[in-house]
Each structure stands twice: as structure tokens, then as C-alpha cells.
Amino acid sequence: MAIESSPNVLLTSVQRAYNAFLALETSDSIHRSQGIRAMAQGINQAFDDILEANTLDLEMSREMAVPDLLIDWLKLTPERLHQVVSILERLAEVPDPIRRVFHAPYLLSASQTYCQLMPLGVITLIYETFPELGAITAGFCLKTGNSLILRGCSSSTHSNAVIAKILQIALEQVKLPRGCLEVLSGDEGASIQDLVTQDQYLSLVMPYGRPSLVDQVTRLATAPVLRSAMGNCYLYWSPTVDLDLVQWVILDSHASEPDPVNAIEKVLISPLHNPSILVSLFNILRGKGFQLRGDGKLSAEFSDYLTPVKLSEWGNPYLDKIIAFKIINDLSEGIGWINQYSSGHADCLVTDSYPESCKFATEVDSALVYINASPRFSRYPKQGESLFLGVSNQKGHHRGLISLETFTTLKHVVQGNGKL
């Protein structure tokens with residue numbers, strides 16, 4: 001039987017977050033950056049406490065037969081926590097995106113018109129394991145003047161609670177308003193449905209995890225939802241491209257930990273590919289621990305390497321080290337297949353043909369298109385100043401890499417002179 005949420009507790013928390021946003025909206029960027037630094041310092045000084053709580057979550061999850069995939073997402077390491085600290089420290093240093101001014105794309109008669117970036121409001125993150133994601137999202141929200149409500153899953157209860165307490169203490173120390181960071185727990189009766197229908201106060205709901213969670217939140221929410229995507233990315237392998245580039249793109253796409261967001265799971269190949277080259281790729285991938293699957297023709301021809309693919313698999317992510325291969329006659333057919341079956345957030349082409357690259361970039365209906373490049377996802381890339389929370393495949397509030405600007409909205413200002 002589902003636990004009934006406490007309307008009073010939930011409503012109080014949401015209202016407190018809304019009041020905190022009103023204060024943050026006009027706050028000083030230096031003050032908000034101080035809060036992010038305090039959060040980074042708090043996490044950095046509490047590795048032992050966080051890892052101890054995480055060990056308890058892991059033990060409980062194994063006893064409850066939680067899937068191995070979620071165990072991998074749940075398991076924190078010193079390296080993962082160091083990455084959190086690095087991201088928070090970087091967020092504290094990047095330029096403040098709030099109230100940045102732009103020329104308006106139109107002109108109103110006898111008026112000066114401009115736009116400026118403003119905070120969205122109250123953000124809610126509903127996340128499946130990934131305990132450190134709460135801290136990273138808190139940094140994104142505070143940098144952009146938004147308040148945040150965290151709602152994690154039961155398998156990471158102890159980790160989430162310890163991390164949230166560290167963050168809240170840090171924010172109190174720098175005297176940021178209470179409600180900047182609110183935490184709701186399913187164990188305390190805060191249901192997802194009751195939370196995501198608080199559209200009077202929530203500006204954005206962000207589900208992060210398996211497609212089942214994202215679909216559930218999208219279906220229940222009355223507040224705006226920013227869908228994130230993970231897995232089921234396609235690669236079209238042009239027959240003239242050598243093996244080295246293909247294997248690098250595939251393997252590198254799976255190297256992002258703990259969540260290989262843009263991992264290539266499906267590969268479309270031409271009938272013109274040399275069978276010996278395909279066998280070489282299969283051996284390389286199997287040697288790296290991948291399970292390999294193929295369509296009817298390929299699985300029959302290479303039965304020692306490939307197991308048959310079910311039709312339903314082409315449109316769903318594996319979220320594991322599994323790759324399925326399919327024969328496609330040409331690029332046009334491949335683009336049609338990708339547009340029908342991929343997750344639509346990151347798809348790839350390897351080719352030495354400029355016309356093919358132009359056609360792929362133009363016709364593939366995905367948020368991100370990679371040509372002769374690895375789609376590997378990183379929240380803190382080595383190049384540039386940008387930081388990313390994930391990737392969205394929706395066409396609405398935002399599409400593509402989820403960056404600081406995703407947590408902002410435009411305000412249009414029309415300045416007249418008091419005359420008609």
C-alpha cells in the first residue's frame with residue numbers, strides 16, 4: 001500500500017522554497033558564490049561520513065535485490081566525491097549568468113527594448129540513486145538564483161540525507177535564506193505525484209534516472225518538466241571508414257562514469273562492410289566485456305558473436321555494456337531508422353564524405369549530432385568553462401546539453417519615454 005504524503009509538510013517545504021527564490025532572485029552574485037564554495041568545502045571535509053552512509057545504502061540495496069545498474073549508480077567513491085567538489089568550485093568561479101543583457105530580436109516603436117536572463121524559480125530534482133547529483137544540482141541552482149527541492153529514491157536515503165545536511169549547514173553558515181535547499185523523502189510520505197502537482201510554486205521539475213522514472217514524472221506532473229535522456233544512442237558507420245575510428249568512438253562513448261549518458265548502444269552498418277573487419281570489431285568489443293547482438297541476418301551470419309535482437313530493443317536503452325548491430329542499405333535509410341528508434345538526444349556518424357556529414361547533420365532529428373567525434377558525456381569537460389548536468393531530448397523549454405543557462409529564463413524589458 002502506498003504511503004500517503006503529508007500535505008502540510010510538503011506544502012510548507014514548497015512554500016519555503018518559493019520564498020527563498022524570491023530572496024535569491026535579487027541576491028548578490030558574490031553571496032551566492034560564497035554559498036557554493038561553502039558547499040564544496042562541506043563536501044570535501046565529510047568524505048568519511050558520506051561514504052559510511054553510502055555503504056549502508058549499498059548493503060540495504062543488495063539485501064533488497066536492487067538491480068546491479070542502480071547499485072553502480074549508487075556506489076560513491078572518493079573519485080566521484082572529488083569530482084563533485086571540483087564542479088562546485090568551478091561553479092563558484094564562472095561568471096554570473098543572471099541579469100545578463102541582450103538586444104531584443106524586435107523593436108517596438110518609440111521604445112527601447114532589451115532582454116535579460118533571470119532565474120526560473122523553484123526547481124525540483126527527482127533522481128534515482130546518483131546521490132552526488134543533489135549537490136551538483138544545488139550548485140547549478142544557487143549560481144542561477146533558483147531554489148531547489150530534492151526528492152531522491154529510497155535506495156539512496158542515507159547518502160542523500162547526509163549530503164543534504166552538509167549542504168544545508170553550509171548555506172546557513174553564509175546566511176543564505178532558509179529554503180534555498182529543501183529535501184523531501186519518500187520514506188517520510190512525500191509522494192512524487194503530490195510534489196510534481198505543486199505548479200503554483202514550481203517552475204521546473206527535472207527527473208533523472210531510467211526512462212521509467214522520467215515517463216512517470218512526465219505523466220503525473222502539472223508543473224513544467226525538463227526530460228533528460230540516457231542511452232540508446234545510434235552510430236551510422238559509413239563503409240569507407242576504417243576500424244580504428246569506429247572502435248574509438250564506441251568505446252570512448254561508454255567511458256563516462258557513473259552514467260554513460262551518450263553511450264552508443266546501436267550500430268548501423270552497410271552490406272558493403274568486409275566481414276573480416278566486422279569480426280575484428282566484434283572481438284575488440286567482446287574483449288572489453290561487451291555483449292553483442294544483431295538483427296536476423298547478422299546474427300545468423302555471425303552466430304559465434306551475435307545473439308538475435310528483439311524488435312522492442314531498437315527503441316529502448318540497454319544502459320549496460322550491450323551493443324546491437326543492424327544492416328542498413330544506405331545513409332538515407334539509416335537516418336530514417338535513427339529518427340524512428342533512437343532516444344533523440346545524441347546520435348553519431350563516422351564518414352569521410354562531406355556530403356554525408358552535411359546530410360546527417362541536417363536530417364537527423366536529435367538534440368546533439370556527432371560526426372567523426374565521440375559523444376562521450378562529461379559534466380566538467382576539460383575544454384572551456386561550461387558545466388553540464390545532463391542532456392535533454394525534448395523540444396520545449398530546453399533541448400540539448402543542460403547548462404547554467406537552462407536554469408534561466410528571459411525577461412523582456414520595454415523602456416518608453418512616456419509618449420505615444
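Two strands are said to pair if DSSP finds at least two bridges between them. The exercises below apply this to a predicted model.

**Exercise 1. Determine in which sense strand E2 pairs with E1 and with E16, and how many of the residues of E2 are buried.**

Step 1. Strand E1, residues 101-103, and E2 are joined in the antiparallel sense over 3 bridges, which satisfies the requirement of at least two. Within this pairing, His-103 stands opposite Tyr-114 in E2.

Step 2. E2 also pairs with strand E16, residues 408-416, again in the antiparallel sense, and here the pairing extends over 9 bridges. Gln-112 has Gln-415 as its bridge partner in E16.

Step 3. Of the 9 residues of E2, which covers residues 111-119, 7 are buried, so the strand is largely enclosed by the rest of the structure.

**Exercise 2. Establish the strand order of the open sheet of 7 strands, and identify which strands stand at its edges.**

Step 1. The order of this open sheet is E10-E9-E11-E8-E7-E12-E13, with parallel pairing.

Step 2. Strand E10 (307-308) and strand E13 (368-371) stand at the edges, where each has a single partner strand, so one side of each is left without a neighbour in the sheet.

Step 3. The pairings around E8 can be followed bridge by bridge. Strand E7, residues 233-237, runs parallel to E8 over 4 bridges, and Tyr-236 has Leu-268 as its bridge partner in E8. Strand E8, residues 264-269, is in turn joined by 4 bridges to E11, also in parallel, and the partner of Leu-268 in E11 is Lys-326.

Step 4. On to E9: this strand, residues 291-294, pairs with E11 in the parallel sense over 4 bridges, and Gly-294 stands opposite Phe-325 in E11.

**Exercise 3. Decide whether the two faces of strand E11 are covered or open, and name the residues on each side.**

Step 1. In a regular strand the side chains alternate between the two faces of the sheet.

Step 2. On one side of E11 lie Ile-322, Ala-324 and Lys-326, and on the other Ile-323, Phe-325 and Ile-327; all of these are buried, and both faces are therefore covered.

Step 3. The count agrees with this: 6 of the 6 residues of E11, residues 322-327, are buried, so the strand is largely enclosed by the rest of the structure.

**Exercise 4. Work out whether Ser-61 is buried or exposed, and which residues it contacts beyond its neighbours within four places in sequence.**

Step 1. Ser-61 is placed in helix H3, which comprises residues 47-63.

Step 2. Its relative accessible area is 1%; since buried means under 20%, Ser-61 is buried.

Step 3. Once its neighbours within four places in sequence are set aside, Ser-61 is in contact with Val-66, Ile-71, Leu-74 and Ser-155.

**Exercise 5. Assess how compact the protein chain is for its length of 420 residues.**

Step 1. The secondary structure of the chain comes to 14 helices and 16 strands. The radius of gyration is 23 Å, close to the 22 Å that the globule rule gives for 420 residues, so the chain is as compact as a globular protein of that length.

Step 2. Along its principal axes, the C-alpha trace spans about 70 × 65 × 40 Å, and buried residues make up 53% of the chain.

Step 3. Among contacts in the chain with a separation of 6 or more, 74% are between residues 24 or more positions apart.

Technical notes:
Residues numbered from 1 in each chain as written. Predicted model: local features only at pLDDT ≥ 70, side-chain atom pairs only at ≥ 80, totals over all residues. Heavy atoms only, no water. Buried < 20%, exposed > 50% of the residue type's maximum accessible area, 1.4 Å probe, protein only. Rg over C-alpha atoms; globule rule 2.2 N^0.38 Å. Contact = heavy atoms within 4.5 Å.
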